[in-house]
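Biologist: I would like to learn how to read a protein model. Could you take me through one, feature by feature?

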Amino acid sequence: LRPPRSTLFPYTTLFRSPYKDINEDGEYEPEIDIPGNPSATQTIWTVANDLPYENGIDISFDFAGAPPVGIEIQLTVWAVSGYGMQGLSSTIFKDYKLIYTGLPATPDTARIDTMYLTQYADPDIGTYTDDFAGWDAEHMLGYAYNGQPHDATYDQYGLFPPAVGYTFLQRPKINGVETPLSSFFRDGTGNHFSTPSIGVYDGTIQWYKAAQGYPTTYGSAKQPFIDPITGDTTKFTHDGDPVRGTGWVDGILLPPGDRQLYISCGPFEMALGDTQNVTIAIIGARTSDYLNNITVLKYFTGNVKWMYDNWILDTEEESTIPTIFSLSQNYPNPFNPTTVVQYDLPETSNVEITIYNILGEKISTLINRIQQAGVKEVTWNGTDDFGRVVSAGIYIYQIRTGDFTESRKMILMR
């Protein structure tokens, strides 16, 4: 398996939690290094997995209703305060690192071929019985807000109720391209469907349907959502404008009540040893008007997205630029049907990666173009330049860039 890489910061030796390596020696030293996200006012780090047993109890199956597959989730939650850009101080960032570690019996060629990621939230705005929810396509924002000007819980403190939103700042990638958002819908009191069940496989099917944009009804049948305004089917519900009162807004079909949000992206694949990095922002906004909260929330979301794209991602890219050219062993290896080749570029270069058979005959050119510096990867699907499937055997893959050339062997199994 390839070792997990952090796209944000190094990880402490013992716990693999993020820290700033002050003396750049690759080791966490509490007296010298800074734990947590160095840009954050506060950081929380956790790790979880779906390993099958704890004290003889299959905790993964009891919770999700499906057998474990061996996924590790490292979560870094962080926030900042005192920055001038509006919205940052009311935002919580969640950096997820997903690693397909597998189980002891997982074969080296294992691959999850259709995977989705869902942000589920039950964002009770004060009193949970008077909320609405919606989707803003422009900002890719799922949000919840109070269904009336006042809220009993916030009234106790002399405050107006806020609005809260959830948005993906970074989604899983396939060949360097982010996977699309697949759906948004809201669950609520009075729906003909409900939150997925716990501890039974029907619940797993419900979650899978939710990620694909279908109601979480029991069984495998998929009944699409219908927009009550246009009559069209949709996978992104309640995408109207509550401020203007146009389109499909919450309240048309159900009164205010308890609301849950489902925001999903995918599908994507993960081979054994693969890592995916995802960032989600939770953003709050509060004014003296419950509908104006939505307007301010969208404005804050635009600020947060700009900051993330132009500050955080730039910082990450700078911190992960390699110092030397290198070509890593492909993974998985042996493989069938696809494998990933990872390589490091310390500077912008014209890169050519070619596959040869054992006789030295060229089979396929995977890359032949200029690429910017960074950690790169490319996938080979076991075909030649004409799309024909090649036979099992030993193949050579080679990188050529400037004066640097390196070759390695790989094994294709059929």
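Biologist: Let me start with one residue. Which residues does Gln212 touch, not counting residues up to four places away in sequence?

Modeller: Gln212 touches Tyr116, Ser182, Ser183, Lys222 and Lys235. Keep in mind that this is a predicted model.

Biologist: How much can I trust the prediction, then? What is the mean pLDDT of the protein?

Modeller: The mean pLDDT is 86, and 89% of the residues reach 70 or more. Residues 1-15 deserve caution, as pLDDT stays under 50 there. The model still has 48 contacts beyond four places in sequence for that stretch.

Biologist: Back to Gln212. Is Gln212 buried or exposed?

Modeller: Buried residues have under 20% relative accessible area. Gln212 has 13% relative accessibility, so it counts as buried. Gln212 lies in helix H3, which covers residues 201-212.

Biologist: How should I read a helix such as H3?

Modeller: Here is the general idea: an α-helix has 3.6 residues a turn, so residues three or four places apart point the same way. In this structure, the buried residues of H3 are Gly203, Gln206, Lys209, Ala210, Ala211 and Gln212. Strands S6 (111-121), S12 and S15 are among the elements that cover them. You can also check the length of H3: at 1.5 Å a residue, its 12 residues should span 16 Å, and its end C-alpha atoms are 17 Å apart, which agrees. After H3 comes Gly213, with a positive phi near 95°.

Biologist: Now the aromatic rings, please. How many aromatic pairs does a search of the whole structure find?

Modeller: The search finds 15 aromatic pairs. In general, a pair of aromatic rings is described by the distance of the centres and the angle of the planes. Take Phe132 and Tyr145: their ring centres are 5.8 Å apart and their planes stand at 55°, so this pair is tilted. Phe132 belongs to strand S7 (residues 131-136) and Tyr145 to strand S8 (residues 141-146), so the pair ties together parts 13 residues apart in sequence. Both Phe132 and Tyr145 are buried.

Biologist: What does a stacked pair look like here?

Modeller: Look at Phe185 and Tyr262, with 4.4 Å from centre to centre and 10° between the planes. This pair links distant parts of the chain, since Phe185 is in strand S12 (residues 181-188) and Tyr262 is in strand S15 (residues 259-271), 77 residues apart. Phe185 is buried, with a relative accessible area of 0%, and Tyr262 also counts as buried at 0%. Phe185 and Tyr262 belong to one aromatic cluster with Tyr120, Trp207 and Phe225.

Biologist: Last topic: sheets. In what order do the strands of the open sheet of seven strands lie?

Modeller: Strands of a sheet pair through backbone hydrogen bonds, either parallel or antiparallel. In this sheet the order is S3-S4-S5-S16-S9-S8-S7, and the pairing is antiparallel. Strands S3 (42-49) and S7 stand at the edges with a single partner strand each, so one side of each has no neighbour in the sheet. From one strand to the next, the twist averages 20°.

Biologist: How many bridges join S4 to S5?

Modeller: Eight bridges join S4 (residues 71-79) to S5 (residues 91-100). Leu75 stands opposite Tyr96 in S5. For another antiparallel pair, try S22 (residues 393-401) and S23 (residues 404-412), joined by nine bridges. There, Ile394 has Ile411 as its bridge partner. The hairpin of S22 and S23 has two residues between the strands, and Gly402 takes a positive phi near 60°.

Note on methods
Residues numbered from 1 in each chain as written. Predicted model: local features only at pLDDT ≥ 70, side-chain atom pairs only at ≥ 80, totals over all residues. Heavy atoms only, no water. Phe/Tyr/Trp six-rings, centres within 6.5 Å; stacked < 30°, edge-to-face > 60°. Helix = DSSP H or I, 4+ residues; strand = E, 2+ residues; numbered from the N terminus. Buried < 20%, exposed > 50% of the residue type's maximum accessible area, 1.4 Å probe, protein only. pLDDT = per-residue confidence, 0-100. Contact = heavy atoms within 4.5 Å. Pairing = 2+ DSSP bridges. Axes fitted to C-alpha atoms, helices over the stretch in contact; angles between N-to-C directions. Expected span 1.5 Å × (residues − 1).
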